[in-house]
Amino acid sequence: MEGIRKQATTQFILAWKSSQTKSVQDFSWHETMGFVIVKRDDAARCMVLSPRAADILGELGCTADANSVGNHPMLRASRRNGKNGSNSDDSGSGSDKDAAQTFWRPAHARFALRCEPPYLRVFSAQQLVTEIPECLRARRRLLKSKLNEDEMLLSITQFPLFGTTTSIHIDGQGPTNGPLLRSQLLSDDCLHQIPPFALEIDGIIERRGAVPYTAVPVFRDKNTPWPFVDPELSPAALDFGILRPPEAGSGSGSGGGRDRDSGYVTGAHSKSRSNSNGPANTPAMNGGLPTAGFAHGRFMDVLQSDPPPASSPLLDIPSSRNSVLLDSPLFGVGSGGVLRVTLCAADLDEARVLYDHLAPISAIMIALTAGTPIVRGYLTDRDSYWDVQCSAVDDRSAQERGFAPLTTAKGKLMKSRFGTIDNYLGPGPNSKDMSFNPEYNDMYYTYDSGANMAMMGAGVDKELSQHVSRLFTRDLHFATAKMLREKDDATGSRSNGQEHFKRFLGCNRQNVCLYPPNTRTRCGWEVEFMSLEVQLTDEENAAYISFIVLLSRVILSYRLNLYLPISMMDQNMARAQSVNAVKEQPFYFRRDLFSGQDGKQSGPGRISRGGNSSNWNESQGDAAGATTPERDAPHNQNLGIGSPDTAEYVELTINEILNGSPTHKVTGLLTIVLSYLPSMGLEYNAEQELRRQLVLIRRRASGKLCTLATWMRNFVQQHPDYRHDSVVSPKVNYDMLCTLNDIEEGRVAAPELLKVTLPKT
């Protein structure tokens with residue numbers, strides 16, 4: 001593994017050096033979407049997952065094998081612009097051609113699939129206004145044409161009954177406890193048994209030393225048994241994963257494993273501190289318990305046994321009280337729909353700006369796109385799936401979670417390999433932007449010192465070097481024969497590409513990800529925005545895609561300053577997943593988005609929301625503030641309490657963040673984006689259509705339109721068969737998914753969810 005790390009380090013250095021004298025002229029981007037295939041039984045009023053993704057991919061011309069699996073797509077360069085910046089040519093329908101040429105990919109689960117456009121999209125208003133919605137609709141039409149009569153295609157984050165054992169959740173379901181997933185809830189029939197997928201699942205389990213269990217807090221309804229105990233996975237029935245203490249000579253002291261002890265811990269200037277000031281129960285800070293928890297312990301109750309004697313095995317016991325338990329990495333990777341946007345920057349400096357300033361809005365977008373209130377057939381005390389997927393693939397060993405002395409691990413890892421970013425990159429060494437403050441990186445993280453020294457020796461700056469070298473603190477789940485091959489040319493290089501480095505990138509996914517230039521596709525540095533839950537309709541997905549693309553242009557054009565300390569960003573991510581977070585949760589946000597470029601901040605401190613929310617008039621949207629207790633202070637003690645007019649950070653509702661807050665003198669992000677549109681030189685109709693797309697986001701933020709999670713929760717609670725015990729029965733699930741499918745196809749109106757009326761027939 002160390003040899004692969006060294007080769008990956010070399011590949012990054014070569015990519016970094018080659019990009020120093022190159023830049024990309026056109027700003028381009030692309031989206032990634034995922035779907036779930038379900039099978040309906042109208043007679044029995046039940047719905048199950050349909051494991052026919054491979055068959056459908058075959059009909060679309062995609063061979064579902066190891067060669068078609070990629071963690072990050074390598075799309076070819078954008079086609080030359082046509083009239084008005086369009087990527088379409090004069091022959092045929094552009095949207096239908098793009099759909100036919102779409103890059104289709106399998107997902108880990110046999111009932112899910114992914115797709116990307118056939119090329120990188122050059123930024124243009126025409127594309128956002130017409131081509132994106134039409135292309136999304138054309139793809140969906142193409143997929144639906146491959147379905148059987150009893151199948152449906154849904155763009156949802158997770159099938160609500162996935163993993164339930166009280167009923168069949170996948171067509172042709174076999175027995176559980178199979179050799180691949182080793183799950184008491186899922187059969188191996190769920191897994192798309194392409195070698196990379198099976199090896200990745202196996203690698204997660206083997207690296208952790210046990211199946212990673214996840215506890216999702218259940219929603220307490222009036223008839224929910226309380227305290228709630230999972231009836232299908234109880235502590236008495238679980239294999240807790242007994243982790244044996246290191247054997248003699250396994251690496252302690254000056255023994256073996258010394259080559260793995262080269263990790264450094266950094267963050268907050270490497271000062272020792274207690275975790276009491278931080279988010280106590282987030283997956284990053286809960287002492288390694290594999291729970292999908294929230295900040296401040298408000299949404300879960302963690303049971304901890306007395307510390308075991310030093311001579312006893314260390315038990316990794318998940319919380320079971322008032323929680324639904326999950327027992328497979330497949331709950332967290334490749335089992336549902338996705339929506340991601342990848343932005344191709346002109347150069348590294350531009351990519352660093354996008355990476356740093358998109359990360360703090362991740363929580364805002366998680367809350368706005370929330371769509372997963374049901375997990376394993378239970379209403380949960382959360383609306384989003386982010387922490388669930390991060391916890392389900394948490395493969396940190398006992399040493400990395402702090403349960404065993406460090407012997408062979410590089411250090412204690414505070415977060416799962418899926419999670420929020422560990423550090424900002426800051427502006428490049430030659431940048432004149434002075435908005436970055438090293439104190440924003442106020443959380444601990446571990447990086448590989450050997451890789452860090454090699455990169456800094458080659459000229460890579462400190463922030464970028466540590467960002468990349470932290471990837472190498474985690475082992476790959478598997479290595480291909482090509483990666484392990486001996487030197488195959490006279491130069492001593494094992495590869496002339498970036499296979500080694502991109503494998504490390506692919507198994508470390510944060511809310512934003514940075515990718516180096518790819519010589520084969522002629523694209524530059526890429527930043528992938530991961531913090532969106534896929535929406536039900538193509539119009540909704542197009543609106544969020546347009547917003548992220550436009551916001552990225554606004555960040556670069558206006559040089560917005562969205563920096564938050566990492567600790568505040570993590571607290572925001574925890575709050576964003578709570579029930580109805582859009583209307584009920586405050587979020588840390590920078591008060592003045594235009595300050596700091598010259599190094600002069602607007603003022604010290606932060607303002608915590610007390611008992612009053614700001615007043616709003618109709619033109620700004622509905623008031624969405626909530627009465628909440630004062631939040632924990634961030635780790636950085638220099639960020640104290642300030643005055644409303646000078647504080648650097650304030651706690652705002654999402655309505656205030658997007659639509660503005662006169663009380664706190666905050667300019668809303670949507671207001672800034674809308675002010676950017678006239679500078680694009682759009683025709684009147686195109687600009688009005690683009691504004692109409694963004695109305696959905698404005699109304700979601702103000703609370704005039706609900707999120708998909710709120711709609712699903714309300715549907716379940718109002719269903720006549722629901723017993724108010726938090727259980728979503730197969731019949732309730734059937735009716736809900738059928739209704740969602742009718743809404744997507746325009747047969748049923750949902751004015752509380754969508755701003756548009758039914759199309760005329």
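**Side-chain interactions in the predicted model**

Phe228 counts as buried, with a relative accessibility of 4%, where buried denotes under 20% relative accessible area, exposed over 50%, and partly exposed the range in between (1.4 Å probe, protein chains only). The structure is a predicted model, in which local features require pLDDT of at least 70 and side-chain atom pairs count only at pLDDT 80 or more, while totals for chains, interfaces and linings use all residues. Residues are numbered from 1 along each chain as its sequence is written, and side-chain values use heavy atoms, with hydrogens and water left out.

Aromatic pairs, defined for rings of Phe, Tyr and Trp (its six-membered ring) with centres within 6.5 Å and classed as stacked for planes under 30 degrees apart, edge-to-face for over 60 and tilted for the rest, come to a count of 11. The rings of Phe228 and Tyr378 form an edge-to-face pair, because their centres are 5.5 Å apart and their planes stand at 75°. Phe228 lies in the loop between strand 7 (214-217) and strand 8 (242-243) and Tyr378 in strand 14 (residues 378-379), so that the pair ties together parts 150 residues apart in sequence; strands (E, at least two residues) and helices (H or I, at least four) are DSSP runs numbered from the N terminus. Tyr378, at 6% relative accessibility, likewise counts as buried. Phe436 and Tyr440 are also edge-to-face, with ring centres 6.2 Å apart and planes at 70°, and these two residues belong to one aromatic cluster with Tyr424 and Tyr563.

Salt bridges, in which a side-chain nitrogen of Lys or Arg lies within 4 Å of a carboxyl oxygen of Asp or Glu, number 35 in the whole structure. One of them joins Glu31 to Arg121, with the closest N and O atoms 2.9 Å apart, and thereby links strand 1 (residues 28-41) with strand 5 (residues 121-122) across 90 residues; both partners are buried. The charged end of Arg121 also sits over the ring of Trp29, 5.8 Å from its centre, under a criterion that places NZ of Lys or CZ of Arg within 6 Å of the ring centre and within 35 degrees of the ring normal. Glu651 and Arg575 meet in a further salt bridge at 2.6 Å, N to O, which connects strand 22 (residues 649-652) to helix 14 (residues 566-576), and both Glu651 and Arg575 are buried. A network of salt bridges links Arg140, Lys144, Asp538, Asp742, Glu744, Glu745 and Arg747.
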